[in-house]
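Me: I have a structure open and would like to go through it with you. Could we begin once it is displayed?

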Amino acid sequence: MLFIAPLAPVVAGLALVVGDRSFRSVGRHTAYIVSLVATIASLLATILIAKERPVLNRQWVPEIGMRLHLAVDGISVPLLLMTAAVGVLVVLHARHELPAGGTPATFFGCLLLVIGGGIATFLVQDAISFFLAFEVVLVPMWVLIGRFGDRRDARERSRAANTFVLYTVLGSTLMLVGILTMSFAAGTTDLAGIAANQLSPGKQTAVAAILLIGLGIKVPMWPLHSWLPRAHTIAPTAGSMLLAAVLLKMGTYGVVRLVVAPLPDGVQRLAPYIGTLAVIGIVWGGLVCMVERDLKRLVAWSSVAHMGFVLLGLMSGTTIGLQAALFANIAHGAISALLFAVVGGLKHRWGDDDLEAVPRSLRDVSPRLSLALVIGFAASMGLPGLAGFWGEVLAIFGAWTPGGDRPMGWFRVLAAFASIGAVLAAAYALRVLRIVWQGSAHGGTPPEPEPATDARGNEWLVTGVLSAAVIVLGVIPLTLLNTTSGAVDQLMAVIGR
């Protein structure tokens, strides 16, 4: 199962891309069926992995201490399940909304490579293997943005793809420098061995700074975020769903595994600065969303704000802060995937996603899509009873009483400003609902309903499942919190050694 989960989508994706390039004989239906079978097989394998918790740990490249080490714990299991589940939903949605720019086999193949790379990232317990799995997703995501992105502006599409590559390659380079530094010092590339090795406080601070900048690009953290809104705006709907639900989570997961666990002293020294940048991102993203006209770009900017809460929780140095970060990670994955599915559908129907040009009241013509939109933005504003509430509130609580020697006064200031960011989230969410759901942009009496414009088939299935996930996470948060609690306690014990 440990091999099937990542390799099923990777092998199927390579087969689609190579087969299509070699023979030009892979049709749309065949590509869809192959992708669906591969992602379902991967999902079933991840469910068994989450239940049985198997471990594979063998020597791979002994000269550098590199091992083939695959395992999961309470931190990685939720991310693994979310990646596999979103992978199935993305393939289903791509059947409904297949973008132009290349062959269907290449498009589905790139989706599968991103999914497989994400699953591998959450499975490997070796730092070099983690880096390699992380990098697997970059080229197919670049193809999804550059070839299958918005066809209206070829120059902007090329710019978005190139910006994505330049930023992420810089982040990867810094991440590799930090990984190699820790691996040489520990004499192993195994994550557990690296975490057990204690560098001096000065070295920890230097390595933590390098890693936090590199991973901060991938999260993304303000002011290293500018690639994200452009990439989301141009990417096809399926690409945006994966980018938000999988790639950004790989960045925060890397912060936990590569920085928080092995470099506690360095994190403690840098926490006030990273926490400050995180809160600036929360407020900055909220303010931009208040005036942004492009609906898809608005959702992208909201991701910058919400990922700030994840970083704030990670920097708090408390059990509740780490729990909040892990919960907010999953919650944002479900919420953002839902919003991008809905917004992508609206853009596909309207031909544009400019809020000033909304053609009609969504509630009158598309009740299913309008319901999904309301659930997504209500969760995004942190409404109690929905997924977005718990992670953000707990992150603020964690920052209010930080752990270790972190300056309590400053973290309480950060918590206060993060609360302002939560208020801004409510404001821009209500702005969008007033314009799109209520139809305030065009005024007058809404036209007669047009049932044909509503979500049906795969689109309704995808938005319905994601909406249900957002509600379940909000109503029954203990399911996820209990899953991560044991691993968080172990991590806190390592941090406090």
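Reply: Certainly; please note that this is a predicted model. One place to begin is the loop between helix H9 (201–218) and helix H10 (227–234), where Pro 223 lies.

Me: What joins Trp 222 and Pro 223?

Reply: The two residues are joined by a cis peptide bond, with omega about 5°. A cis peptide bond also joins Val 219 and Pro 220, where omega is about -5°.

Me: And where does Pro 220 lie?

Reply: Pro 220 is likewise in the loop between H9 and H10.

Me: Turning to aromatics, how many aromatic pairs does a search of the whole structure find?

Reply: The search finds nine aromatic pairs. In one of them Trp 222 is paired with Trp 284, and the geometry is tilted, with 5.7 Å centre to centre and 50° between the planes. This pair links distant parts of the chain, 62 residues apart: Trp 222 is in the loop between H9 and H10, and Trp 284 is in helix H12 (residues 264–291).

Me: Why does Trp 284 count as partly exposed?

Reply: Its relative accessibility is 42%, and the partly exposed class runs between the 20% and 50% limits. Trp 284 therefore counts as partly exposed.

Me: Which residues form one aromatic cluster?

Reply: The cluster is formed by Tyr 32, Phe 107, Phe 108 and Phe 148. Tyr 32 has a further contact: the charged end of Arg 95 sits over its ring, 5.1 Å from the centre.

Me: On to the voids. How many cavities of 30 Å³ or more are there?

Reply: The structure holds eight of that size. The largest has a volume of about 90 Å³, and the second largest has about 50 Å³.

Me: Which helices each supply at least two residues of the lining of the largest cavity?

Reply: Helix H13 (295–315), helix H14 (319–350) and helix H17 (387–400) each do so. The lining residues include His 306, Val 310, His 332, Ile 335 and Glu 392.

Me: How do the residues of that lining divide into nonpolar, polar and charged?

Reply: For the largest cavity there are five nonpolar residues, four polar and one charged.

Me: Now the second largest cavity: which helix gives the most to its lining?

Reply: H11 gives the most, with three residues. Both helix H7 (154–186) and helix H11 (237–260) supply at least two residues. Among the lining residues are Phe 134, Phe 164, Lys 218, Trp 227 and Leu 243. By class, the lining of this cavity divides into seven nonpolar residues, one polar and one charged.

Me: Since H7 came up, what distance does it reach from its first C-alpha to its last?

Reply: H7 has 33 residues and reaches 47 Å, close to the 48 Å expected at 1.5 Å a residue. Just after H7, Gly 187 takes a positive phi of about 75°.

Me: What about H3: what should its 21 residues span?

Reply: Helix H3 (residues 76–96) should span 30 Å at 1.5 Å a residue, because the expected span is 1.5 Å times one less than the number of residues. The end C-alpha atoms of H3 are 30 Å apart, which agrees.

Me: Is H3 mostly covered or mostly exposed, and how many of its residues are buried?

Reply: H3 is mostly covered, with 17 of its 21 residues buried.

Me: Which residue other than glycine has a positive phi near 55°?

Reply: That is Arg 53. Arg 53 lies in the loop between helix H2 (28–52) and strand E1 (56–61). Its relative accessibility of 37% means that Arg 53 counts as partly exposed.

Me: And Leu 433, is that buried or exposed?

Reply: Leu 433 counts as buried, because its relative accessibility is 11%, which lies under the 20% limit. Leu 433 is found in helix H18 (residues 408–437). The C-alpha atoms of Leu 433 and Leu 373 are separated by 7.9 Å, with their positions 60 residues apart along the chain.

Me: Last one: where does Thr 401 lie?

Reply: Thr 401 is in the loop between H17 and H18. At 41% relative accessibility, Thr 401 counts as partly exposed. Thr 401 and Glu 156 are 245 residues apart in sequence and 44 Å apart in space, C-alpha to C-alpha.

Terms used: Residues are numbered from 1 along each chain as its sequence is written. This is a predicted model: local features need pLDDT of at least 70, side-chain atom pairs count only at pLDDT 80 or more; totals for chains, interfaces and linings use all residues. Side-chain values use heavy atoms; hydrogens and water are left out. On a 1 Å grid over the protein atoms alone, a cavity is a set of points where a 1.4 Å probe fits but cannot get out, and a pocket is an open set with protein on both sides within 12 Å along at least five of seven lines; lining residues have an atom within 4 Å of a point. Grid points are joined across faces, edges and corners, and a volume is the space filled by probe spheres set on the points. Helices (H or I, at least four residues) and strands (E, at least two) are DSSP runs, numbered from the N terminus. Ala, Val, Leu, Ile, Met, Phe, Trp, Tyr, Cys and Pro count as nonpolar, Asp, Glu, Lys and Arg as charged, and the others, Gly among them, as polar. Buried means under 20% relative accessible area, exposed over 50%, partly exposed in between (1.4 Å probe, protein chains only). Rings of Phe, Tyr and Trp (its six-membered ring) pair if their centres lie within 6.5 Å; planes under 30 degrees apart count as stacked, over 60 as edge-to-face and the rest as tilted. A charge sits over a ring if NZ of Lys or CZ of Arg is within 6 Å of the ring centre and within 35 degrees of the ring normal.
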